[in-house]
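Hi everyone, thanks for making time for this. I'd like to walk you through one model and the empty spaces in it.

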Amino acid sequence: MNQNEIKALISLLDDEDHEVSQHVEGKILSLGGNVIPFLETEWGESFNPIVQRKIEELIHELQLSIMIDRLQAWKNGGGLDLLEGLWIIATYHYPDLSMEKLKTTVEQLYYDIWIQFQEEMNPVDQIKRINSIFFGVMNFAANTKNFHSPSNSMINVVLESKRGNPITLCVIYLLIARKLGMPVYGVNLPNLFVLTYKSEKTQFYINVFNRGIIFSKTDIDHYIAQLNIKPKDIFYQPCTNLEIVQRVLRNLILSYEKTSEQDKIKEIEKILKSTLDDTGEN
């Protein structure tokens, strides 16, 4: 469709006939994300609040569709780039967020640690060196004041504010550690996300939410026992990038449950569902 045809469609958004306006909305949505710039222009030129509201809703729905398509493509491609997965989630709130800007920010954090990093150190000392810079000089810390805020799941906000929840802090820490060539992975503990350093000879755990404290398998045993939960392998072993992204989405759902934002809960549940296999996984 050309611009004039799109313009004509948009002019019918406030048609008194509900069937006509619904048909128009469906037609606009069928045009896909490429129509968003036209909608934004029309919003700016419209003086009709009903049309403006409907344009806003259409843009949001199109952006949601783009986000789901990106996430499914990321998953189907193997979910190899964790930062890309977190970027896609952040576009829920920040649709114009630049992936390149995120990459540059993480690259700078890596470089600032790399220049003080010594590969010949033993693994525990390497983690302690990262901790001293990450939590000291860089001033990353747990967001305990606004723990349930949705912004804690937005990696761009956490990179800027240096405050986050366990999983976003772990993701940033993990991305830096992996760039340093370290075998560091995420671990899905109940109620807490942590990291593990796992090589052929060594395995220990890192609680990034508590300033990178190092702990052992025995500590996890005690933690699981306190929760009165049966131990599972997933509580001790590395999880996938896809599982990390799914946990971030579940955290977002919890955040919106705290603020009773039902529309957002439904949307994030829809996004989460798009990442799950058709084998009954939940």
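I'll go from the domains to the pocket, then to a hairpin and the cavity.

A word on ground rules: this is a predicted model, where local features need pLDDT of at least 70, side-chain atom pairs count only at pLDDT 80 or more, and totals for chains, interfaces and linings use all residues. Residues are numbered from 1 along each chain as its sequence is written, and side-chain values use heavy atoms, with hydrogens and water left out.

The protein chain is assigned domain 1 (3-77) and domain 2 (82-272), with bounds from an automatic or database domain assignment. Their centres, taken over C-alpha atoms, are 35 Å apart. Across the boundary, 9 residues of domain 1 are in contact with 16 residues of domain 2; contact means heavy atoms within 4.5 Å.

Now, the pockets. On a 1 Å grid over the protein atoms alone, a pocket is an open set of points with protein on both sides within 12 Å along at least five of seven lines, a cavity is a set where a 1.4 Å probe fits but cannot get out, and lining residues have an atom within 4 Å of a point. Grid points are joined across faces, edges and corners, and a volume is the space filled by probe spheres set on the points.

The largest pocket has a volume of about 710 Å³. Which residues lie nearest its centre? Of the 28 that line this pocket, they are Asn188, Leu189, Arg247, Arg250 and Asn251. α11 (241-258) is among the elements that each supply at least two lining residues, along with α9 (166-179), β3 (184-189) and β4 (192-198); α11 gives the most, 8 residues. These elements are DSSP runs numbered from the N terminus: helices are H or I with at least four residues, strands E with at least two.

Let's stay with those strands. β3 and β4 pair in the antiparallel sense over 6 bridges, where pairing takes at least two DSSP bridges. Asn188 stands opposite Phe193 in β4. The two strands form a hairpin with 2 residues between them, and Asn191 in the turn has a positive phi of about 65 degrees. β3 is largely enclosed by the rest of the structure, because 5 of its 6 residues are buried, that is, under 20% relative accessible area with a 1.4 Å probe, protein chains only.

Last stop: the structure holds 1 cavity of 30 Å³ or more, with about 40 Å³ of space. Gln3, Ile6, Lys7, Ile10, Phe38, Thr41 and Glu42 line this cavity, and α1 gives the largest share, 4 residues.

Thanks for listening!

Definitions and conventions
Buried < 20%, exposed > 50% of the residue type's maximum accessible area, 1.4 Å probe, protein only.
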